[in-house]
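Dear colleague,

Please find the structure below, handed over for your own work. A short account of the findings follows it.

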Amino acid sequence: MSTSIPKHAQAVIIGGGVVGCSVAYHLSKLGYKDVVLLERKKLTSGTTWHAAGLVGQMRSSLNLTQMVKYSGNLYETLESETGMATGYRRTGSVSLATNQERLTEYKRNASLAKVHGVDVQILSTDELRKKLDFFNLDDVVGGAWIPKDGKADPANVAMALAKGAKNNGVKIFEDVKVTGILKDNGKATGVQTDFGDIQSEVVVNCGGMWAREVGKMAGVSVPLHACEHFYFLTSAVPGLGDMPVVRVPDESAYYKEDAGKILVGLFEPNAKPWAQNGIPEDFCFDQIQDDLDHCMPYLELAMNRVPVMESLGIETLFNGPESFTPDDNFQIGESPELGSFYVAAGFNSIGIQAAGGAGKYLAEWIVGKEPPCDLWDVDIRRNQSFQSNKTYLANRVTETLGYLYENHFPYHQYETARGLRKTPLYDFYKKRGACFGEVAGWERPNWFVPEELIGKAEAKYEYSWGRQNWFEYHKLEQQAIRESVGMYEMSSYAKIRVKGSDAMDFLQLICANDVDVEPGKMVYTQWLNEKGGIEADVTVTRLAIDDYLIVSGTVCLNRDMHWLQKNMPNDANCSLFDATSSEGCIAIMGPNSRDLLQLLTDTDMSNESFPFANVRNIEIGMANVRAHRITYVGELGWELYFPIEFSSYVAELLDEKGKEFSLRHIGMHTVDSCRIEKAYRHFGHDITDEDHVINAGLGFAVKVDKKPSKYGNFIGHDSVQSKKASGYDMRVMQFLLDNSDLMLYHNEPILKNGEIVGHLSSGTYSHTLGGAVGLGYVPCKPNESHEDILMAEYTIEVEGVIEKCKVSLKPLYDPLNEKIRI
């Protein structure tokens with residue numbers, strides 16, 4: 001290999017695993033003529049070479065499913081393009097269920113697969129026996145068959161991608177270590193190596209297990225950590241043939257044919273983090289010391305599942321490292337901390353499955369300067385900076401490796417790496433029966449054990465696809481919001497201050513609604529991209545002429561800050577800062593909220609004096625509080641903001657005085673169910689950067705004719721104007737199941753006149769409406785009347801069964817918004 005590296009490039013890719021090779025290949029396909037890929041040792045020498053090579057067809061969202069489907073299609077064609085075989089074969093896959101809850105998960109996945117265009121078949125045990133010759137199925141209650149799933153040779157896939165990239169002009173250098181990232185004016189401008197610097201327009205971190213350390217060079221958080229990943233290989237199995245890939249998630253194992261032998265891979269609970277103090281410098285095509293004691297329980301299960309293994313024996317026990325992330329989703333996209341620095345890493349053992357599509361999507365992101373579609377589930381901007389802490393990661397990945405094969409129950413909460421971010425009210429709520437969930441590290445009450453049951457019932461989830469143990473508690477919380485008064489904390493919500501003489505003009509550029517309002521007024525608005533897609537869904541409060549407060553979802557902070565920073569004009573005289581931790585916030589919502597607050601303040605809280613979407617500085621006991629009259633649950637109510645140190649005083653006062661108004665503490669699950677009853681949208685579920693604001697039914701919050709700011713019309717203005725002229729082609733509808741025993745969570749297929757036309761973007765159980773309720777997009781003709789849209793017959797598929805439902809284009813609860821404006 002020549003060590004004469006170039007001095008300049010359009011893009012430098014760090015890492016020569018399958019993902020780095022895929023990004024290089026796809027950038028070259030999109031016309032990048034000057035791409036350099038640097039590998040510290042040899043191509044594939046980190047994780048790729050020992051990957052299992054499973055290539056499935058199905059993921060949790062439409063875009064991620066399209067991503068992995070593309071991978072399989074690409075691997076089928078690479079040999080004819082490059083002359084290098086990838087070993088890709090569509091063997092199909094079988095997933096076995098040994099209990100009814102697991103089978104329910106498969107049934108729900110099979111329903112979603114119809115929306116995604118993937119053939120997933122639920123099979124009985126007898127049908128499974130016809131496909132599996134060597135497996136003991138005595139305790140199996142059913143399973144899922146995916147005919148087009150396959151497997152490939154990981155190293156050959158990477159080498160084929162590398163050759164395809166070279167054929168298109170990509171320069172690949174092995175044995176070149178990146179030692180630093182060049183930066184200027186908030187952007188990556190190249191890399192430092194042990195053979196000199198390379199200036200480049202774009203830097204791409206595909207460092208695999210090393211991606212966290214590469215990120216640190218750039219000042220970028222890339223949360224991932226290596227874990228030990230085990231597999232067994234039997235001796236040759238007579239008559240094995242090309243069997244399907246078999247997954248037995250209830251036993252943490254997968255099985256595949258490997259050169260006439262059976263390979264058994266593990267995704268066990270209580271996994272073993274590896275190299276917490278750094279990966280050895282010379283690690284290259286290496287493996288880790290095996291641990292038979294750790295693996296023995298799973299080996300025994302495997303021998304029971306495949307009895308022939310007992311007579312064959314185990315030929316190899318292999319232990320190789322793979323990287324895992326805090327939420328089991330990979331990291332992709334432009335980093336929020338450093339412009340022109342992109343990441344594709346942390347693939348949680350699905351690197352071969354995802355690599356082809358991930359390389360394509362990231363290349364399109366780099367060339368187009370924005371995501372090609374909604375990728376929020378895997379967008380690196382979802383992360384928090386603390387999540388790169390190695391102690392945090394070592395704790396969390398002990399669980400995330402095994403979670404790949406856990407039953408993915410609704411409302412699941414991780415148990416490891418908890419308790420890091422607590423508001424001052426954590427102990428206050430714990431004493432009052434809170435069951436905490438975690439979002440972006442924040443501990444938040446999700447539901448409460450009723451006061452009379454504290455000490456008798458445990459504040460802990462008992463997971464199920466049916467009604468979970470907190471179902472009746474949830475009913476009491478919903479009733480409180482709708483009939484008396486509920487109190488919940490919002491301190492974890494993202495709060496961004498924008499201050500300066502140009503703050504208003506800057507936010508007029510960013511916001512689709514008109515934020516040039518009097519101080520003390522609130523505005524609900526979206527931030528749009530040039531296509532009219534929704535980048536953020538926020539409230540903006542003008543606190544003073546040159547001071548605005550933006551409130552957004554807890555997990556959206558980095559994304560929102562990144563969007564503001566990226567779009568701020570160079571000459572704008574304003575500044576941004578994260579105010580999340582400086583202010584506490586408690587919401588008081590429900591018909592009795594005014595009476596409760598009026599008891600505690602001499603400010604007139606009447607509708608005439610304190611109308612909706614207004615803000616007042618008031619006194620609550622001894623505390624000075626800023627009261628925002630707004631709601632996300634569809635009731636009369638206020639959000640109360642105060643210095644964080646006032647939290648306990650304000651909460652205890654409200655709790656004590658609220659007793660005479662039947663106040664109840666409310667968890668986040670009830671907040672979510674109430675907003676779905678009101679058909680309020682939620683960013684990341686019902687609205688994304690791929691959903692046009694008009695199709696989303698949020699045109700009322702867009703002011704196309706507002707006076708342009710000094711920086712011009714708001715971003716997305718022309719797309720909104722065009723869409724308003726052409727009319728809707730999608731409508732958000734609300735669905736209420738007739739069968740009140742069933743549950744909706746999201747992703748259930750929507751059928752119109754018997755044909756699948758979409759899926760639910762949100763779902764919950766509404767005790768107020770008497771059944772499960774959901775939101776989802778349905779295609780329509782431009783400017784089609786409400787009457788014509790509703791004339792069709794709509795149904796919802798739940799666990800493979802078509803269920804009747806009521807439908808509405810307006811909120812099923814309080815459609816005229818009478819309750820919030822009284």
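The notes below deal with one sheet and then with the enclosed cavities.

Please bear in mind that this is a predicted model.

The sheet is open and has 8 strands with mixed pairing, in the order S5-S6-S4-S13-S14-S15-S12-S16. Its edges are formed by strand S5 (121-123) and strand S16 (314-324), each of which pairs on one side only. On average, neighbouring strands of this sheet are turned by 25 degrees against each other, direction ignored. Strand S12 (residues 225-234) runs antiparallel to S16, and 10 bridges join the two; Tyr231 has Phe318 in S16 as its bridge partner. Helix H3 (residues 100-116) packs on the sheet, where it touches strand S4 (93-97), S5 and strand S6 (142-146). The direction of H3 makes about 140 degrees with that of S4.

As to internal space, the structure holds 7 cavities of 30 Å³ or more. The largest cavity has a volume of about 110 Å³ and is lined by 14 residues, with Tyr411, Trp470, His474, Met743 and Tyr765 nearest its centre. Helix H17 (668-677) is among the elements that supply at least two residues of this lining, and H17 gives the largest share, 3 residues. By class, the lining of the largest cavity comprises 6 nonpolar, 6 polar and 2 charged residues.

The second largest cavity has a volume of about 60 Å³. Helix H2 (residues 62-82) contributes the most to its lining, with 3 residues. That lining has 8 nonpolar, 2 polar and 2 charged residues, including Arg59, Asp328 and Phe330.

Yours sincerely

Note on methods: Residues numbered from 1 in each chain as written. Predicted model: local features only at pLDDT ≥ 70, side-chain atom pairs only at ≥ 80, totals over all residues. Heavy atoms only, no water. Pairing = 2+ DSSP bridges. Helix = DSSP H or I, 4+ residues; strand = E, 2+ residues; numbered from the N terminus. Axes fitted to C-alpha atoms, helices over the stretch in contact; angles between N-to-C directions. Contact = heavy atoms within 4.5 Å. 1 Å grid on protein atoms, 1.4 Å probe; cavity = no way out; pocket = protein on both sides within 12 Å on 5 of 7 lines; lining within 4 Å. Points joined across faces, edges and corners; volume = space filled by probe spheres on them. Nonpolar A, V, L, I, M, F, W, Y, C, P; charged D, E, K, R; others polar.
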